[in-house]
Amino acid sequence: MPENASVMIPYLTHQFDLDEAITIPDNPQSRQQAVTGLVSNMPTVDHASGSCSVCMESFSKSEEAARQVSCSHVYHHNCITGWLLNGNNNSCPLCRREISG
Ligand SMILES: [Zn+2]
Ligand SMILES: [Zn+2]
């Protein structure tokens, strides 16, 4: 047994890997669950200013919840959900930074 065989093991965790779940293409149901869970965990923004870059509607005009993603950009709940479901990635529509749970 080579001595460096255990080097990779610290990267393996038993935690639910959201990134992995989101990028599984042939399991739409678990993908939808992962996206729904991810968006639900995003902080809501009560009085968001500006507009949603997915639908271009200003937040003040909409009663839909605004969600702040990990890069601090803000989108409507449904807009970012649809973006994550329809796109083949989990990156921010604006800055393309990876959205993490
Ligand atoms: Zn929107
Ligand atoms: Zn962003």
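**View 1. The helices and strands of the protein chain.** In this predicted model, the protein chain holds 3 helices and 3 strands. Follow the sequence from its start and you will meet them in the pattern α-α-β-β-β-α. The chain has 101 residues, and 22% of them count as buried. Turning to contacts between residues at least 6 apart in sequence, 39% join residues at least 24 apart.

**View 2. An open sheet built from 3 strands.** Here the strands are arranged in the order 1-2-3, with antiparallel pairing, to give an open sheet. Strand 1 (44-45) and strand 3 (74-76) are at the edges; each has a single partner strand, so one side of each is left without a neighbour in the sheet. Have a look at how strand 1 meets strand 2 (residues 66-68): the two pair in the antiparallel sense over 2 bridges. To find one of the residue pairs, start from T44, whose bridge partner in strand 2 is R67.

**View 3. Helix 3 against the sheet.** Staying with the sheet, strand 1 and strand 2 are joined by 2 bridges in an antiparallel pairing. Helix 3 packs on this sheet and touches both strand 2 and strand 3. The direction of helix 3 makes about 95 degrees with that of strand 3.

**View 4. L85 in helix 3.** Now we move to a single residue, L85, found in helix 3, which covers residues 77-86. L85 counts as partly exposed because it has 15 C-beta neighbours inside 10 Å, while a buried residue would need 20 or more. Setting aside neighbours within four places in sequence, the contacts of L85 are with Q32 and V35. Q32 is 53 residues from L85 in sequence, yet the C-alpha atoms of the two are 6.6 Å apart in space.

**View 5. E57 in the loop between strand 1 and strand 2.** Our last stop is E57, which lies in the loop linking strand 1 with strand 2. With 13 other C-beta atoms within 10 Å, E57 is partly exposed; a count of 12 or fewer would have made a residue exposed. Once neighbours within four places in sequence are left out, E57 is in contact with S51, C52 and S62. You can also locate Y75 in this view: it is 18 residues from E57 along the chain, and 9.7 Å separates their C-alpha atoms.

How values were computed:
Residues are numbered from 1 along each chain as its sequence is written. Chains are lettered from A and ligands numbered from 1 in the order in which they are written. This is a predicted model: local features need pLDDT of at least 70, side-chain atom pairs count only at pLDDT 80 or more; totals for chains, interfaces and linings use all residues. Helices (H or I, at least four residues) and strands (E, at least two) are DSSP runs, numbered from the N terminus. Two residues are in contact if their C-beta atoms, placed from the backbone, lie within 7 Å. Two strands pair if DSSP finds at least two bridges between them. Axes are lines fitted to C-alpha atoms, for helices over the stretch in contact, and angles run from 0 to 180 degrees between N-to-C directions.
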